[in-house]
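Here is a friendly briefing to read alongside the model. Please keep the sequence and the structure open as you go.

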Amino acid sequence: MADASLVAISEAAQTDPEAAHRARRQPLAGRRYALEIRQHMGWRRQALILAAALLVGLAISAAILVAAGVPADELANEFVMQTFFDGQNFRAVLFQAAPMILVGLAGSLAFRARFWNLGLEGQMIWGAIGATAVSMWQIGPEPLRLPLMFAAAIGCGLLWVLGPAWLKIRLGVNEIISTLMLNYMAANFLLHLVYGSWKDPKDNFPYSPQFRAFERLPELGAGVSSAIVLAAVVALVAWWLVGVSRAGLYLRFVDANPRVAHANGVPVRRTIYGAVLLSGAMAGLAGFAVAAGQEGRLTQAFYQGYGFSGILIAFLARNNPLAATVVALLVAALFVTGRSLQVFYQVPFSMVQLIQAVIVVCVASSDFFIRHRLRRVGGEAAQ
Amino acid sequence: MSGSIALNWLASTPDFAVPYALAALGLIISERAGVLSLGAEGLMLVGALAGIGAQLALGQPAVSLVLAMLAASAVSLLFAVMVIWLRVNQVIAGLALVFFCQGLTALVGSLAEWTNHATEGIGGMALWPLSLLPGVGRLFEQNAMGWLTLPIFLAVAWFLSRTSAGLRLRAVGENPQAADAAGIRVAMWRLAAVLAGSALVGLAGAYISVVSTKLWIAGMTGGRGWIAVGLVIFARWSPWKALVGALLFGCIEALIPQLAAAGVQLPQYFVMMTPYAVTLGVMVWVALARRGGDDEPGALGQPYVREERR
């Protein structure tokens, strides 16, 4: 924006520091503290601040839950005991965790390349559509069906993010808006399918026909779905990719400063493409995990809440794949608890969204105390 | 397409365009001060819910709209504290705000049992004497809020480009270091811009619930807030271009029911994709057309850290 008056202000400040200084507000004589940027903080104090932020977030969440009608003395019981120490509920958490881990990893990988992939839900939808298409059209022999569904989910998720990636890298189109718009389009296409030609002919409900037994992720011992194993394997691969491989090193360069990375011979574009496409592939896998692991068919609203959860998991985990796995487990526990609160206390499921947001707000705000400190200064001007 | 359908189409366009226009205008105020406000979708929901709540309780549309503005401003205070004082990444803070508002509005809406209760909205207001014109007179029968949108645009555009306060606001978004050096209180201006902008975004949401649909459903804004964010980029942060863009989007959305009424069979869910597809198309077009000058506020999305001042 080349507004003459604006330029005048900034030029005045640059060319005439004397005048700028006169105009500057003098610090109050009574001010005793000054804010300054902290260069470094030990990990112990960082962890302490993080824990405090989490506690504040949980306290606020508890207050909201009590206000919404959950008895205060039942809260701890519901969340901790029922969720983690009850065998059946713990299995439910693991069940829920598989797609959560995958979207969390998808978010972390894209954000590491400075690409705000808010299209996780769209890619998830396409992953599930791809897997369902293989089942619907009975592509391939039976023993190969599940691997083919797996591959189709990866391919579809990857293709759905290719457009925004290309638009961002070639034309500089804002990926936040483009990926979000593609979410809404994917959601409408899903509705088109489940209300249209893919509707279950048996009962005419808006979902696809049920997958056959060999098209579903098998159950391991003790009622644990193999989806969680799949998610764990992907998490390990992501950890290797980010932490050990050469591509991960490149990614760290790009994350730190794309221009310097380019000057140092890092293939910046290829690195970004790779990270973003893998992110889409992982989100597609999350769709596969829900369709072939949980629902056993394509349903109309299976993706809801995963997109934002993935972003928040990536943020809370600082884009670290292993941390993302742990955070995703906790978010899955929150989802499971949310469903039981919905059943027992008629608390709407949106409560889960609210609590996630409260915790993110607290953790994001706590960064301030890690990056800054208050320093006592003398009574006179402290500049 | 016969003449009467075309007329119906044009006459119903403003109703679809007003929420986009008001939300984009609100976003322009905040982004001109350098605060990237991705929370619009959430704030629209807050406005929509507060508006319908007030409408169910009091039954006064004007009061409901004002209360909706206040509610959206109040919620955006949380965002403002995060990005202005705590210097949280504005994208993360905006996303968290959307998530927070989606959860909060769905929760409050269902606890207060405001869901799916129809209310009385605002009736039409004929712009005399233009409304007496034969044929096209119908175009000048819009609701009062629709008409009010024009003076709001006039006032904001005038404020931003013609007043010294508007100049200060833009200076804060363009170069906060220089603005601070010139004695402008960066944080206060940014706070004011976020609160005022959010009030307009809330009004846009309340327009949808109180004036257009006249009821509340969780998540009823359906991505309009995000489209408004895209619209601001399309408009290059200029209020008048945003108004044109909003009318364009309104035209497209208004066309859909008209085509259905005319008996044109279109695949329903593909039709529902059009606003998002058009937004995407517009973003690509803007990127292709943008050669040379870039009018994005210089410090958009960057926290101002006084301690780092050199």
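Chain A has 15 helices and two strands in its secondary structure; helices (H or I, at least four residues) and strands (E, at least two) are DSSP runs, numbered from the N terminus. This is a predicted model, in which local features need pLDDT of at least 70 and side-chain atom pairs count only at pLDDT 80 or more, while totals for chains, interfaces and linings use all residues. Residues are numbered from 1 along each chain as its sequence is written, chains are lettered from A and ligands numbered from 1 in the order in which they are written, and side-chain values use heavy atoms, with hydrogens and water left out.

**Chain A overall**
- Of the 383 residues in chain A, 51% are buried (under 20% relative accessible area; exposed is over 50% and partly exposed in between, with a 1.4 Å probe and protein chains only).
- Among chain A contacts (heavy atoms within 4.5 Å) between residues at least 6 apart in sequence, 77% link residues at least 24 apart.
- Chain A has an accessible surface of about 17,900 Å², and carbon and sulfur atoms account for 63% of that (Shrake-Rupley method with a 1.4 Å probe; for residues, only the protein chains shown count as cover).

**Nonpolar cores**
- The largest nonpolar core (buried Ala, Val, Leu, Ile, Met, Phe, Trp, Tyr and Cys residues joined through side-chain atoms within 4.5 Å) has 207 residues, and Ile129(A), Phe288(A), Phe302(A), Met351(A) and Trp226(B) touch the most other members.
- Helix 12 (residues 268–295) of chain A gives the most to this core, with 14 residues.
- Leaving aside residues up to four places away in sequence, the contacts of Phe302(A) include Met124(A), Ile125(A), Leu190(A) and Val290(A).
- A second, separate core has six residues, among them Ala171(B), Val172(B), Ile184(B) and Val186(B).

**A nonpolar surface patch**
- Leu236(A), Trp239(A), Trp240(A), Val244(A) and Leu322(A) form a nonpolar patch on the surface, together offering about 500 Å² of accessible area.
- Patch residues have over 30% relative accessible area and no salt bridge; like charges are joined within 9 Å, and nonpolar side chains (Val, Leu, Ile, Met, Phe, Trp, Tyr) within 5 Å.
- A salt bridge is a side-chain nitrogen of Lys or Arg within 4 Å of a carboxyl oxygen of Asp or Glu.
- Helix 9 (residues 227–243) of chain A contributes the most to the patch, with three residues.
- Leu236(A) sits in helix 9 of chain A and counts as exposed because its relative accessibility is 51%.

**Ala157 in chain B**
- Ala157(B) belongs to helix 5 (residues 144–162) of chain B and counts as buried because its relative accessibility is 9%.
- Not counting residues up to four places away in sequence, Ala157(B) touches Arg162(B), Pro239(B) and Trp240(B).
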